[in-house]
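Let's take a walk through this model together, going from the overall fold to a few places where individual side chains meet.

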Amino acid sequence: MFLKIGELARRTGLTVRALRHYDDIALLVPSERSSGGYRLYGRKDVARLYRIQALRRLDLPLADIQGLLDNPAGDMSEVVARQVAQLDREIMQASALRTHLLSVQGQLQASKEPEIDDWLLALESMVAGAKYFSDDEQRTLNTRRDGFTDAMAPERAELSAWLHSLVAAGASPESPQAQSLAQRWIAILLEEAGGDEGLLIKLYTMHWNEPSLHALTGVDRGGIRFISHALAFARLQLYAPYCSAGDMATLRQHYVAQTDAWPPLIAEVRQQMLAAAPTHGAAMRALALRWQALSLAKAGGDAALHAKLQQAFRQDAALRLGSGIDDALATYVGQAVAHLDAASSS
């Protein structure tokens, strides 16, 4: 008995396009062809397709699957190891779901007329992390959060209330109270990230982008912007030993105005770095141009002051702390900027 490609697709839930692709890459070549040239799949083909789909569930690349199926002596222990890792991920996700549902259950039990939004917000907050973090990063964060979340909950609540009171009172992000709040806020986030500046910028991006987290934490984009501007004012003071009084006057006029543009740019550059994109490639060239423009803009267009800021940032660990820029990223973007400079001078 042979099945045409359309029938095989219908009975397996796969698409005709997928089956054709498998044929094109010699992963699943049909045993027969009809007189009209149609693909015909027999029992052995269907059995091979079953094994392909079973291995696909382990997130194996098609090339690896082909090697395993075509080499009977292939290392099946690696397949088993990957299956165990996959099950570990599923267990972790199920555990996270259980934790969130227990939290929602508590909210619902405490409410006389619970709203469905209580469920939706909690579930959205759970899945939000998958948009921003790899499996390994999520495991790292979950490990860090064991015991940390509960321990820090009172201080988080206090900081959130303090933030709302400052914003409601019309306080300036430049005020000492705002700067103190921002420094403690970023310290907690950095502690949650285990001191990893890369994870920190991803946490910032997630909290900026996800409305469900705004609702659950009580801190919306306005609050996040207030904190980031207050942190910029606090960081600005650290440049004083490296700058003249005139330089500081220029910085107070221009430095903080660039604050909102930095986190998304840093996040984009980190994505390129993690993807091992060449620093001389088109993508990084465009990002390096933006980086140069922002760097110069925060110095008010003053090239000499810009050079001072760069030197201070490289030398002073306190300036880098909580910036989202670690040594690896600084080196990577520095190489991209160097390529720009070399191209402009040639």
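Before we start, one cut-off will help: a residue is called buried when its relative accessible area is under 20%, exposed when that area is over 50%, and partly exposed in between. By that rule Arg270, with a relative accessible area of 6%, is buried because its value falls under 20%. We will come back to Arg270 and its partner below.

What you are looking at is a predicted model. The average pLDDT of the chain is 83, and 78% of the residues score at least 70. Confidence is highest in helix 13 (residues 245-254), at a mean of 95, and lowest in helix 6 (residues 116-132), at 57. Where pLDDT is low, the predicted coordinates should not be read in detail.

Now for the overall picture. The chain has 18 helices and three strands. Of its 346 residues, 39% are buried. If you take the contacts between residues at least 6 apart in sequence, 62% of them join residues at least 24 apart.

With that frame in place, let's turn to the charged side chains. How many salt bridges does the structure hold? There are eight, and a few of them are worth visiting one by one.

Start near the beginning of the numbering, with Glu7 and Arg10, whose closest N and O atoms are 2.8 Å apart in a salt bridge. Both residues belong to helix 1 (residues 5-12), and because they are three residues apart there, about one helical turn separates them. Glu7 is partly exposed, with a relative accessible area of 29%, whereas Arg10 is exposed at 61%.

The next salt bridge reaches between two helices. Glu268 and Arg290 meet with an N to O distance of 3.2 Å. Glu268 sits in helix 14 (residues 262-274) and Arg290 in helix 15 (residues 282-298), so this pair, 22 residues apart, links distant parts of the chain. Both partners are partly exposed: Glu268 has a relative accessibility of 32%, and Arg290 has 38%.

Here Arg270 returns. Its side chain forms a salt bridge with Asp326, at 3.3 Å from N to O. Arg270 is in helix 14, while Asp326 lies in the loop between helix 17 (317-320) and helix 18 (327-345), so the pair ties together parts that are 56 residues apart in sequence. Is each partner buried or partly exposed? Asp326 is partly exposed at 23% relative accessibility, whereas Arg270, at 6%, is buried.

Some salt bridges share partners, and in this way Asp23, Arg33 and Arg39 are joined into one network. Asp23 is located in helix 2 and is buried, with a relative accessible area of 12%. Leaving aside residues up to four places away in sequence, Asp23 touches Leu28, Val29, Pro30, Arg33 and Arg39. Both of its network partners, Arg33 and Arg39, are therefore also among its contacts.

From charged pairs we can move to a pair of helices. Two packed helices are described by the angle between their axes and the distance between the axes. For helix 10 (residues 197-209) and helix 12 (residues 221-238), the angle is about 145° and the axes are 9 Å apart. Their crossing is left-handed. Which residues make the contact? Helix 10 contributes Tyr204, His207, Trp208 and Asn209, and helix 12 contributes Arg221, Ile224, Arg225 and Ser228. Sorted by class, the contact has three nonpolar, three polar and two charged residues.

Finally, have a look at the backbone. Most residues other than glycine have a negative phi, and most peptide bonds are trans. Two alanines in this chain are worth checking against that background. Ala26 is not a glycine, yet its phi is positive, at about 65°. You will find Ala26 in the loop between helix 2 (16-24) and strand 2 (32-33), where it is partly exposed at 40% relative accessibility. Ala276 also has a positive phi, near 60°. Ala276 lies in the loop between helix 14 and helix 15, and at 61% relative accessibility it counts as exposed.

That loop brings us back to a pair met earlier: helix 14 holds Glu268 and helix 15 holds Arg290, and these two side chains meet in a salt bridge.

How values were computed
Residues are numbered from 1 along each chain as its sequence is written. This is a predicted model: local features need pLDDT of at least 70, side-chain atom pairs count only at pLDDT 80 or more; totals for chains, interfaces and linings use all residues. Side-chain values use heavy atoms; hydrogens and water are left out. A salt bridge is a side-chain nitrogen of Lys or Arg within 4 Å of a carboxyl oxygen of Asp or Glu. Helices (H or I, at least four residues) and strands (E, at least two) are DSSP runs, numbered from the N terminus. Buried means under 20% relative accessible area, exposed over 50%, partly exposed in between (1.4 Å probe, protein chains only). Axes are lines fitted to C-alpha atoms, for helices over the stretch in contact, and angles run from 0 to 180 degrees between N-to-C directions. A crossing is left-handed if the near helix is turned anticlockwise from the far one by less than a right angle, and right-handed if clockwise. Contact means heavy atoms within 4.5 Å. Ala, Val, Leu, Ile, Met, Phe, Trp, Tyr, Cys and Pro count as nonpolar, Asp, Glu, Lys and Arg as charged, and the others, Gly among them, as polar. pLDDT is the predictor's confidence in each residue, from 0 to 100.
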